[in-house]
Amino acid sequence: MREETIRPEHMMREYAVLFSQDRAELLKWREKFVIVSCPACGCSEYKAIFIKDKLHFVSCDNCQTVFINPRPDGALLEKYYNNARGLAYWNEQIFPASEPVRRKSIFRPRANRVIELCTKYKVNTNIIIDVGAGFGTFCEEIQKTNCFDRVVAVEPNQNLARTCEQKGIEVIAKPIEKVRMEGIDVITSFELIEHLFSPKNFLYSCSKCMDEGGLFICTTPNIKGFDLLTLGKLSDNIGGPNHLNYFHPDSLKLLLESCGFEVIETLTPGKLDAELVRKKVLSNELDVSTQPFLQEVLINSWDRVGGAFQQFLADNLLSSHMWIVARKT
């Protein structure tokens, strides 16, 4: 899988323009942004690390979670996402254009991995809900397995919720914090927790819906992964207000344990770290002339060792794409 196949370059240029406009609208309300403690461990001590697009990124002194501080509160974020032209463009243009590749390369393997985890940990398969279901492709793929009696998409964005409904998916069009359900066996949450004002409230809400022993399966960027560590503020993945929280395996484990979960498996199966850093080098945005190892791996010997290097990152919790599997205790 290459980045271009899931994020077509000409579409991403258009999205970047819309996203910049959305961010500018939100920044008009910057005087209403609020100071928060670390979203992982609650520590109130942190240090500034950089400013990007007028947003301040800090690192927790205790657990090294990176987060935007100050940040828009929940009400401002809800208004932002409901009106974001960039998000509408993803729903109307990027998702439909890239869905066949995403389905084959991301969502079908993702659904298969969820089924494998349910089998491995002997979890009941009556109800699964996908929180932040987006375009609904994962729900479609998990439905095809006939593993679960009921598949529910939780998607608060009204446009995306309608898209899910049009695909025949059962939808709850509100945040999980406002959902009143019980007896859920599995909750999945893909690339969502980094967007949330209060990840802790989110996880508490998930826990309250679940039966004891149920699985919570989450993916999110790993701030201690290769491309985020190497690129820092140069990374296209690091940027607000969409991404507010950047956890790593240890800090997300702390947060989950504080919300009544036991982490039972951590994976970093990412496939794009080396390619993303290589692209920054080739575009002259990142200078590795004083880093001969990166020069050798990413440029000189790329065709021979690039794939093996990426596999090394994935196998050793060093990719910037992270899976966390937790059980409700």
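How many disulfides does the structure hold? The structure holds zero. The model is predicted.

## Cysteines

Cys43 takes part in no disulfide. Its nearest cysteine sulfur belongs to Cys60, 4.3 Å away. A disulfide calls for two cysteine sulfur atoms within 2.5 Å. Cys43 has a relative accessibility of 18%, so it counts as buried. The cut-off for that class is under 20%.

Cys139 is likewise unpaired, because its sulfur is too far from any other for a bond. The closest cysteine sulfur, in Cys164, lies 6.1 Å from that of Cys139. Cys139 has 0% relative accessibility and therefore counts as buried.

## Overall build

The protein has twelve helices and eleven strands. Its radius of gyration is 19 Å. The globule rule gives 20 Å for 329 residues, so the protein is as compact as a globular protein of that length. Along the principal axes, the C-alpha atoms fill a box of roughly 55 × 50 × 40 Å.

Of the 329 residues, 53% count as buried. The exposed area comes to about 15,200 Å², with carbon and sulfur atoms supplying 50% of it. Contacts reach across the sequence: among those between residues at least 6 apart, 75% join residues at least 24 apart.

## Strand E5 and its partners

Strand E5 spans residues 150-154. Four of its five residues are buried, so E5 is largely enclosed by the rest of the structure. E5 pairs with strand E4 and also with strand E6, as set out here.

Strand E4 covers residues 127-131 and runs parallel to E5. Five bridges join the two strands. One bridge partnership links Ile128 to Val151 in E5. Strand E6, residues 170-172, also runs parallel to E5, and three bridges join this pair. Here Ala153 has Val171 in E6 as its bridge partner.

## Crossovers

From E5 the chain crosses through helix H6, residues 158-166, to reach E6. This β-α-β crossover is right-handed.

What is the handedness of the β-α-β unit made by E4, helix H5 and E5? That unit is right-handed. Its helix, H5, takes in residues 137-144. E5 thus belongs to a right-handed β-α-β unit with E4 and H5, and begins the right-handed crossover through H6 to E6.

Technical notes
Residues are numbered from 1 along each chain as its sequence is written. This is a predicted model: local features need pLDDT of at least 70, side-chain atom pairs count only at pLDDT 80 or more; totals for chains, interfaces and linings use all residues. Side-chain values use heavy atoms; hydrogens and water are left out. Buried means under 20% relative accessible area, exposed over 50%, partly exposed in between (1.4 Å probe, protein chains only). Two strands pair if DSSP finds at least two bridges between them. A crossover is right-handed if, with the strands pointing away from the viewer, the path from the first strand over the helix to the second runs clockwise. The radius of gyration is taken over C-alpha atoms; the globule rule is 2.2 Å times the number of residues to the power 0.38. Contact means heavy atoms within 4.5 Å. Accessible areas come from the Shrake-Rupley method with a 1.4 Å probe; for residues, only the protein chains shown count as cover.
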